[in-house]
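Work through the exercises below with the sequence and the structure in view. Try each task before reading its solution.

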Amino acid sequence: MTKTYYITTPIYYPSAKPHMGHAYSSIIADFFARFKRIDGYEVYFLTGTDEHGLKIQRAAEKEGLDTLKFCDVISKTFLDLSTKLNLTNTDFIRTTEKRHLNSVQNLWNELKKNDDIYLSKYSGWYSVSDEAFYNEDEIEELDGKKISISSKSLVEWVDEESYFFRLSKWQQPLLDLYQKNPNFISPESRRNEVVSFVKSGLKDLSVSRRSFSWGIKVPNDNDHVIYVWLDALTNYISALNYPDKNNDLFKKFWPASVHIIGKDILRFHAVYWPAFLLAAKIDIPKKVYGHGWILSGDEKMSKSKGNILDPLEIIEKYGLDPLRYYLIKEVSFGNDGNISSERLEDCINSDLANNFGNLCQRVTAFAIKNCDGKIPKNIEFINDDLKILNKYKDNIDKLRSEIDKQNINFYIDYIVSSLFEANKYFNDQEPWNKKKDLVRLNTIVYTTFEIVRKICFLMYPIIPSTSLNALKIFNINEKDIDLSSITKNDFLKKGDYINKIDILFKKIEKNND
Ligand code: MSP
């Protein structure tokens, strides 16, 4: 049986073009998808756009455009971004697609059938920007305006007939779920937040609106559209052809291995989503991981604050792989992180150009000159070589288990220290002083090549294009990257020709004013 892995990003609101926060969720998910793929898993990686609700309807009205046409244009910018970010997503779902409409209406019918939905009236606060209902104690007043305490977005009063989901009924089953599956909500700090929210008491949730029409109609009651979060969350199973639970995709990939989301949308994923699924008798995803925010000048990016960082501009200026590396390394995963071009330039200069790029160039240039441009043949490992080579074998299971905990910080620290160690090994062994002992010279070169190969395999999920460029030294292609082979110390074929490669990363001239 093949091992399977299903990872998702949030589906993004196409109310404005993508920013760095969106790019971040997607790059992180792509990192895990690539890691699992090279580790032998069959991976389904889903992303897409969340196109219904008042937020989108108003954004389109503001532009004077038909709502679907407006969504078509902006959803395309998210689709294009996935190409620009070199994402390996299997699917891109739009909630305006027919497959999704069927899926949501079926889920609704299931909830209705099980008596989890009833008609009543909603009177309370609603934030269009968050598409969320708030209780009185979650609201504050600022400059005479009512806003949500947590997100600071404006709320408006809603008074209308609405269908409700019996969320209160699922309070205890949810608490049982969190206890039975302590990793369901990660990281742990966020889990505690959710548990205390649920313990404080769940009220039934309004799941339809009748004062606007941009959404999926409630079956048998066309005056109502389904609440956009019930609609959006269902995307994760629509892509697997729900309601057909017997089709191959659903059977293979559901329940999802992990939903990668930002911390601001944890309540929807860790409370509402499992409650809907429990009510519909569908399995619960294995994990919801709420990452931190990318801050711009110490604040969360938002259109209203005017502090949006455009990923395309950064890619244009520095290239994609430096951005991917930087976001994965410098934003401690799970926490918020401020990003600055200064730190990005430091990363490029020290980690990527000096430690990684230089190592690849140096050993290749040396072998072209001293080993006939080939992978050396006559070698005899000594302790110094085996010590550094075997470290990868000794750590591979630890790396795998840390990745299963989404501990990207461990993974990247491992790579950074491996790079230091590899450079130190090459310097300390001084192959240039071993011209009289060719076996030793060859062994040092072979060992360094093996280390470069292993590091390139580990780097592939982070900086895929550059790793593949570096692997051209050995004529290794993408399909040959197999994580389990980093345990081998004799992967490279002795006597094969190597190739000279172009500079992997150009150093950035720093302005020291
Ligand atoms: N449409 C909903 C998600 C539905 S999932 C079933 C939504 N969309 S969003 O476009 O507003 O945000 C999508 C994701 O981007 C969220 O995970 C959010 O946390 C993330 N980010 C938005 N701004 C961010 C930062 N500044 N930093 C990091 N991620 C942030 O919510």
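## Exercise 1: the surroundings of D130

Beyond the neighbours within four places in sequence, D130 has contacts (heavy atoms within 4.5 Å) with Y13, S148, S151, S153, W229 and F268. The model is predicted, so local features need pLDDT of at least 70 and side-chain atom pairs count only at pLDDT 80 or more, while totals for chains, interfaces and linings use all residues. Residues are numbered from 1 along each chain as its sequence is written, and side-chain values use heavy atoms, with hydrogens and water left out.

Task: place D130 in the fold and find the nearest side chain of opposite charge.

Solution.
1. Helices (H or I, at least four residues) and strands (E, at least two) are DSSP runs, numbered from the N terminus. D130 sits in the loop that joins β4 (117-127) to β5 (132-134).
2. Lys and Arg count as positive, Asp and Glu as negative; His and the chain ends are not counted. The nearest side chain of opposite charge to D130 is K55, 6.1 Å away.
3. A salt bridge needs a side-chain nitrogen of Lys or Arg within 4 Å of a carboxyl oxygen of Asp or Glu. D130 has no salt bridge, yet is buried. Buried means under 20% relative accessible area, exposed over 50%, and partly exposed in between (1.4 Å probe, protein chains only).

## Exercise 2: cysteines

Task: count the disulfides, and state why C456 forms no bond with C360.

Solution.
1. A disulfide is a pair of cysteine sulfur atoms within 2.5 Å. The count is zero.
2. The closest cysteine sulfur to that of C456 belongs to C360, and at 4.9 Å it is too far for a bond.
3. C456 counts as buried because its relative accessibility is 0%. C71 is also at 0% and counts as buried.

## Exercise 3: two open sheets

Task: give the strand order of the sheet of six strands and name its edges.

Solution.
1. Two strands pair if DSSP finds at least two bridges between them. The order is β3-β2-β1-β14-β15-β9, with parallel pairing.
2. β3 (91-94) and β9 (185-186) are the edges; each has a single partner strand, so one side of each lacks a neighbour in the sheet.
3. β2 (residues 41-49) pairs with β3 over four parallel bridges, and G48 has I93 of β3 as its bridge partner.

Task: do likewise for the sheet of three strands.

Solution.
1. The order is β17-β16-β18, with mixed pairing.
2. β17 (299-300) and β18 (337-338) are the edge strands, each pairing on one side only.
3. β16 (residues 294-296) and β17 run antiparallel, joined by two bridges; S296 has E299 of β17 as its bridge partner.
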